[in-house]
Amino acid sequence: MKTQTVKTSNAAETTKLAADILGKLKPGDCLALTGDLGSGKTTFVKGLAQALGVKGPVTSPTFLILKTYPTKHPAIKRLVHVDAYRLEAAKDLVEVGFSDEINQPGTISVVEWAEKVKEMLPPGKTIWIKIKIGQKDDRVFEIIWPDSGSN
Amino acid sequence: MIVLGIETSCDESAAALLEVKAGRFKVLASLISSQIKIHTKYGGVVPEVAARNHVLNLPGVLDSVFKEVGLSPQTKKNDRPDVISVTRGPGLITSLLVGVWTAQALSLAWEVPLVGVNHMQGHILANWLDLPANRDIELPALCLVVSGGHTELVMVTGPGRHKLIGRTRDDAAGEAYDKVAKLLNLGYPGGPIIDRMAQKGQADKYELPRPMINSGDFDFSFSGLKTAVRYLAAEKKITSAKAKADLAASFQRAVVDVLVEKTLAAAERHSPKTILLAGGVAANSALRSRMQAEAQNFGFKFSLLPLKYTTDNAAMIAAAGYINKSKAKVAPNIKADPNWEL
C-alpha cells in the first residue's frame with residue numbers, strides 16, 4: 001500500500017487532481033471515495049469524467065444509485081458512477097448490478113460513500129480516496145493505492 | 001381503450017389501469033407498493049432500493065389494481081387490457097428489468113400488445129390524467145420536471161413530442177432537499193419535512209446562493225447550495241428548532257427562486273402558452289403557489305398537476321403507452337435502457 005496526500009484549494013485544483021489520478025488508472029480499477037456532504041466528491045467525479053471525455057453533464061447518481069457513461073478515452077471505454085448513500089447494506093451493491101457493470105471490458109468505476117460497501121469493492125483494484133474539509137475551500141485528499149494494481 | 005401501466009424504474013413498484021375515451025385519460029385504478037398493504041404472501045410493503053423488492057411487490061400490486069376495478073384478466077379474456085405499457089428507462093437497470101420482464105410475460109400470456117416508454121415522458125403526461133372535461137392544456141407548454149432524480153425544463157409541442165431545453169448539471173432539486181434534511185437531522189424524505197418546517201420559518205433570515213440564476217442558459221445546479229447550507233449551519237451553530245425552521249425556509253426560498261425564475265426565463269425565450277409542473281418536487285407547496293402566481297403574472301396559463309400524480313406512479317406510464325400505442329406489439333423484445341434521456 002502506498003499513501004499519498006494532496007491538498008487542493010479550489011474546484012479547478014480538484015478537477016486537475018482527478019485528471020492526474022486518471023493517468024495512473026487501468027481498466028477494472030475502482031475509485032472508492034469517502035467524505036462528508038459538501039466535501040467535493042461531486043467536483044472530483046466531474047473532473048474525472050471531463051478528463052475521460054464524457055459527453056454531457058455527469059449528474060448525481062444518488063437517486064438511481066448507479067449510472068454509466070461512455071467515454072472518449074483510448075483504454076477506458078466506460079465510467080460507472082455509483083452512490084452508496086441510499087444503500088442499507090454492502091450486498092445491496094450487487095442488487096443494483098454493480099458486479100455486472102464493472103466486469104465489462106474497459107470499465108472504471110467510482111463509488112461515493114464507499115465506506116458503506118467496502119467489502120463488495122474489487123480487492124487489489126480499489127484505490128481509496130478520503131476527502132477531508134480543511135480551512136475555507138481547502139480539501140485534503142488522502143489517496144491509498146493498493147499493492148497490486150495500477151500504480 | 002384500457003391501458004395497463006407498469007412502473008419499476010426506481011423505488012416504487014406501481015401498476016395502473018387507464019381508460020382512454022376520445023383522447024382523454026381517466027384513471028380507473030393506480031397503486032404503488034408503498035401505499036397499500038400487500039398480502040403477506042407477496043412480501044413486504046416498504047420500498048427498498050433492491051430489485052428483489054420489485055419482484056416481491058409487483059405481482060401483488062398488479063393483482064390489486066385489477067381487483068379494484070373488478071376485472072379478472074387471468075380467467076376472462078375480455079377483462080384483459082388493450083395495451084400494456086412499461087417503463088423502459090431511465091432508471092436503475094436491475095429495477096427496470098423486473099417491470100420489463102413482467103410486462104413481456106403478461107403480453108405473451110394474454111396476447112396483448114406491449115410498448116416500452118420513457119419515465120420522464122410519463123411524468124409530463126401526468127398533467128393530462130383525470131383532466132376535467134371542460135379543461136384543456138394549450139400547447140405548446142413548458143414543463144418543469146423536478147424530482148429526486150431529475151430537474152429538467154422541457155418544451156412540449158404535442159402529445160409525446162418534446163424537446164429538452166435545460167437540466168441540472170449535478171444534483172436534482174429533490175436530492176438537495178433530502179441532503180439538507182439529512183445535514184440538519186430532520187429525517188427522510190426531505191421534501192415534505194422541509195416544506196412543513198419552512199412554513200414556520202423566516203425565509204429571509206439566512207442568505208444563501210441562487211446557483212446559476214443568471215447563467216443565461218436554462219441549466220440548474222444544486223450541489224453548491226447544499227454545501228452552502230452545510231457551512232452556514234456550522235458557522236451559525238444552528239441547533240434550535242427555531243433556527244432550523246428559519247434555515248429550512250431560507251433554503252426552500254433559494255430553491256424555489258431558482259426553479260421559478262429559470263422557468264420564466266425559458267418561457268420568455270420559447271413563448272409557450274401554458275406552464276406545467278411535473279415530478280415529486282411538484283408536490284412542494286411553495287413551488288406550486290409561486291409558480292402559479294408568477295406564471296399568471298407574466299401572462300402564461302398555468303395548469304396545476306394533482307398532488308397524487310406528482311410522484312412516481314403507473315397511470316402516467318399508461319398514458320405514455322397510449323401515446324406510443326402504434327409501436328406496441330405482442331411479446332416484443334424490449335430492452336431496458338437505464339440512460340434513456342428525453
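Good morning. I begin with the second largest pocket of this predicted model, which is lined by 36 residues. Those nearest its centre are Gly40(A), Thr42(A), Thr43(A), Ser223(B) and Thr227(B). The volume of this pocket is about 600 Å³.

Which elements supply its lining? At least two residues each come from helix H1 (11-22), helix H2 (41-52) and strand E4 (78-83) of chain A, and from helix H4 (173-183) and helix H6 (223-235) of chain B. H2(A) gives the largest share, with seven residues. By class, the lining of the second largest pocket holds 18 polar, eleven charged and seven nonpolar residues.

I turn now from the pocket to the cavities. Two of them have 30 Å³ or more. The largest cavity encloses about 100 Å³ of space, and 13 residues line it. Nearest its centre are Phe63(A) and Leu64(A), together with Pro90(B), His119(B) and His150(B). Seven residues of that lining are polar, five are nonpolar and one is charged.

The second largest cavity has about 50 Å³ of space. Chain A contributes Thr62(A), Phe63(A), Tyr85(A) and Arg86(A) to its lining, and chain B contributes Gly148(B), Glu175(B), Asp178(B) and Tyr188(B). Here the classes are three nonpolar, two polar and three charged residues. Phe63(A) therefore appears in the linings of both cavities, given that a lining residue has an atom within 4 Å of a cavity point.

Pro90(B), named a moment ago beside the largest cavity, also deserves attention for its backbone. The peptide bond that joins Gly89(B) to Pro90(B) is cis, with omega near -5 degrees. Pro90(B) sits in the loop between strand E4 (83-89) and H2 of chain B. A further cis peptide bond runs from Leu139(B) to Pro140(B), with omega near 0 degrees. Pro140(B) belongs to the loop between helix H3 (119-125) and strand E6 (141-146) of chain B. As background, most peptide bonds are trans, and most residues other than glycine have a negative phi.

Which residues other than glycine take a positive phi here? One of them is Ile65(A), with phi near 75 degrees. Ile65(A) lies in the loop between H2 and strand E3 (66-70) of chain A. Its relative accessible area is 1%, so Ile65(A) counts as buried. Ala331(B) also has a positive phi, of about 45 degrees. Ala331(B) is placed in the segment after strand E11 (329-330) of chain B. Its relative accessibility is 35%, so Ala331(B) counts as partly exposed.

The next topic is helix H1 of chain B. How does the span of its 19 residues, 51-69, agree with the value expected at 1.5 Å a residue? The expected span is 27 Å, and the end C-alpha atoms are 27 Å apart, so the two agree. Along H1(B) there is nevertheless a kink of about 35 degrees at Asn57(B), shortly before the proline Pro59(B).

Asn57(B) is also among the buried residues of H1(B), which include Ala51(B), His54(B), Leu58(B), Val61(B), Leu62(B), Val65(B) and Phe66(B). What do these buried residues pack against? Within chain B, their partners are strand E1 (2-7), strand E2 (14-21), strand E3 (24-32) and helix H2 (93-110). From chain A, helix H3 (92-95) is a partner as well. Just after H1(B), Gly70(B) takes a positive phi of about 80 degrees.

I close with two individual positions. Ala90(A) lies in the loop between E4 and H3 of chain A. Is Ala90(A) buried or exposed? At 10% relative accessibility, Ala90(A) is counted as buried because it falls under the 20% limit. Beyond its neighbours within four places in sequence, Ala90(A) is in contact with Lys116(A), Val117(A), Glu119(A) and Met120(A). The C-alpha atoms of Ala90(A) and Arg139(A), 49 residues apart along the chain, are separated by 27 Å.

The other position is Ser289(B), in helix H8 (residues 285-297) of chain B. With a relative accessible area of 45%, Ser289(B) is partly exposed. Between the C-alpha atoms of Ser289(B) and Leu304(B), which are 15 residues apart along the chain, the separation is 9.5 Å.

Terms used. Residues are numbered from 1 along each chain as its sequence is written. Chains are lettered from A and ligands numbered from 1 in the order in which they are written. This is a predicted model: local features need pLDDT of at least 70, side-chain atom pairs count only at pLDDT 80 or more; totals for chains, interfaces and linings use all residues. Side-chain values use heavy atoms; hydrogens and water are left out. On a 1 Å grid over the protein atoms alone, a cavity is a set of points where a 1.4 Å probe fits but cannot get out, and a pocket is an open set with protein on both sides within 12 Å along at least five of seven lines; lining residues have an atom within 4 Å of a point. Grid points are joined across faces, edges and corners, and a volume is the space filled by probe spheres set on the points. Helices (H or I, at least four residues) and strands (E, at least two) are DSSP runs, numbered from the N terminus. Ala, Val, Leu, Ile, Met, Phe, Trp, Tyr, Cys and Pro count as nonpolar, Asp, Glu, Lys and Arg as charged, and the others, Gly among them, as polar. The expected span of a helix is 1.5 Å times one less than its number of residues. The bend at a residue is the angle between axes fitted to the seven residues ending there and the seven starting there. Buried means under 20% relative accessible area, exposed over 50%, partly exposed in between (1.4 Å probe, protein chains only). Contact means heavy atoms within 4.5 Å.
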